[in-house]
Amino acid sequence: MSIFALKLIALVSMVIDHIGEFIPGTPVCLRWVGRLAAPIFLFCAAEGWSHTKSRRRYLLRLYIAGAAMGVIQYYLEIDNNFFRQLFAMCCLLGLIDLGKAHDGQFKKYLFLYVLWQAAALLIILFLPDALPFMNYTNTQEYLLPALTGSLLFVEGGLIYALLGVMIYLTRGSRRKLAVGYTVSWGAMSLLLCTGFVSVALGVLNRVEYQLFGVFGFGEDLLDTILYFLGISPMMTGGSLLYQSYQWMLIFSLPLLLAYNGKKGRGMKYFFYLFYPAHILLFYWLGTVMG
């Protein structure tokens with residue numbers, strides 16, 4: 001199965017998922033089908049990163065697409081912007097490649113990346129106060145993260161970017177991919193689909209109180225980390241069919257293992273244009289039908 005075929009499967013899965021997300025009254029099974037999309041898009045982006053002729057242009061395309069989608073997010077108040085997830089992942093892949101190559105520039109680029117992300121976070125946290133004419137929440141959660149290229153506030157959380165990193169590190173070996181994906185899926189399912197996080201927070205509070213006589217600091221810190229990872233304690237541990245169905249990501253693995261190493265047809269700009277176009281269409285239909 002070529003990259004083009006995988007992208008088409010992911011695209012169809014994404015469309016079905018977004019029908020279930022935006023159109024009221026649709027069955028939850030549409031969201032189940034949508035669990036195929038994210039891992040496949042991450043896989044295709046990792047392959048694209050490894051084969052592209054210009055990684056700078058690849059990153060620039062993802063940044064521009066994410067920034068444009070950030071403007072759409074600002075006005076529509078929606079979380080959908082997977083371009084930013086792919087951009088965040090590819091930035092991490094660039095640092096990994098420099099480190100693996102023992103490039104003398106690695107430390108410099110790592111420092112610059114950390115500095116960039118710290119500056120982006122400060123802008124996101126404090127600039128909205130200076131923009132009273134704009135919607136504070138949408139500016140902070142959607143617009144500024146997209147424009148600054150922040151690693152944070154990405155759709156689904158950093159847990160997906162980390163999944164993409166794992167996919168990249170295991171590329172070229174079906175066995176390593178199968179093992180790495182299964183382990184990652186198990187960890188994600190534990191965190192996203194069970195009550196483990198809530199129990200862990202409760203244990204942390206008790207331990208913190210026993211040791212220091214206070215509680216709350218550790219929980220607040222862990223809550224922040226979980227937030228950026230995309231894990232909400234309030235949204236975990238529900239029904240595995242109607243709420244916590246992220247475990248269905250495992251069904252993407254056979255498709256990833258079917259990859260034959262070929263690119264297939266191009267049409268790269270079609271995918272960049274289709275994403276915002278179908279989001280706008282389904283948002284409008286959902287508004288009309290709602």
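In this tour, Ala, Val, Leu, Ile, Met, Phe, Trp, Tyr, Cys and Pro count as nonpolar, Asp, Glu, Lys and Arg as charged, and the others, Gly among them, as polar. Keep that handy for colouring the pocket walls. One more thing before you start clicking: what you have open is a predicted model.

**Stop 1: the whole chain**

Begin with a cartoon view of everything. You should be looking at 13 helices and zero strands, so a reading from the N terminus gives α-α-α-α-α-α-α-α-α-α-α-α-α. The radius of gyration is 20 Å, close to the 19 Å from the globule rule for 290 residues, so the chain is as compact as a globular protein of that length. If you draw the principal axes, the C-alpha trace spans about 60 × 55 × 45 Å along them.

Now colour by burial. Of the 290 residues in the chain, 46% are buried. Contacts tell you about the fold as well: among those with a separation of 6 or more, 74% join residues 24 or more positions apart. Switch on the surface and you have about 15,300 Å² of accessible area, with 70% of it belonging to carbon and sulfur atoms.

**Stop 2: the largest pocket**

Select Asp79, Glu155, Gly156, Gly157 and Gly230, and centre the view on them. Of the 40 residues that line the largest pocket, these lie nearest its centre. Which elements give two or more residues to this lining? They are α1 (3-22), α3 (37-51), α5 (82-100), α7 (136-148) and α11 (217-229). The pocket has a volume of about 1,300 Å³. Colour its lining by class and you will find 18 nonpolar, 13 polar and nine charged residues.

**Stop 3: the second largest pocket**

Next, select Lys7, Cys44, Gly48, Tyr58 and Lys268. They lie nearest the centre of the second largest pocket, which is lined by 32 residues. Here the elements that give two or more residues are α1, α3, α4 (55-76), α5 and α13 (268-289). Highlight α3 in particular, since α3 gives the most to this lining, with six residues. The space inside comes to about 780 Å³. With the class colours still on, count 17 nonpolar, six polar and nine charged residues around this second pocket.

**Stop 4: an enclosed space**

How many cavities of 30 Å³ or more does a search of the whole structure find? The search finds one, and the largest cavity has a volume of about 30 Å³. To see its walls, select Leu62, Tyr63, Gly66, Ala67, Arg84, Phe87, Ala146 and Gly149. Two elements, α4 and α5, give two or more residues to this lining, and the largest share, four residues, comes from α4. By class, the cavity lining has five nonpolar, two polar and one charged residues.

**Stop 5: Ile78**

Move to the loop between α4 and α5 and pick out Ile78. Is this residue buried or exposed? Ile78 counts as buried because its relative accessibility is 7%, and the cut-off for buried is under 20%. Show its neighbours as sticks: leaving aside residues up to four places away in sequence, Ile78 touches Phe22, Met69, Gln73, Tyr142, Ile279 and Tyr283. For a distance label, try the C-alpha atoms of Ile78 and Ala277, which are separated by 14 Å although the two residues are 199 apart along the chain.

**Stop 6: Thr236**

Thr236 is another loop residue to select, this time between α11 and α12 (253-257). With a relative accessible area of 13%, Thr236 is buried too. Its contacts, again not counting residues up to four places away in sequence, are Leu191, Leu192, Thr194, Ser198, Ile231 and Ser244.

**Stop 7: Val199**

Finish on helix α10 (residues 196-212), where Val199 has its place. Buried or exposed, then, for Val199? Val199 is exposed, because its relative accessible area is 54%, and exposed means over 50%. As a last label, draw a line from the C-alpha atom of Val199 to that of Pro233: these residues are 34 apart along the chain, and the two atoms are separated by 9.3 Å.

Conventions:
Residues numbered from 1 in each chain as written. Predicted model: local features only at pLDDT ≥ 70, side-chain atom pairs only at ≥ 80, totals over all residues. Heavy atoms only, no water. 1 Å grid on protein atoms, 1.4 Å probe; cavity = no way out; pocket = protein on both sides within 12 Å on 5 of 7 lines; lining within 4 Å. Points joined across faces, edges and corners; volume = space filled by probe spheres on them. Buried < 20%, exposed > 50% of the residue type's maximum accessible area, 1.4 Å probe, protein only. Contact = heavy atoms within 4.5 Å. Rg over C-alpha atoms; globule rule 2.2 N^0.38 Å. Areas by Shrake-Rupley, 256 points an atom, 1.4 Å probe, with all protein chains shown as cover.
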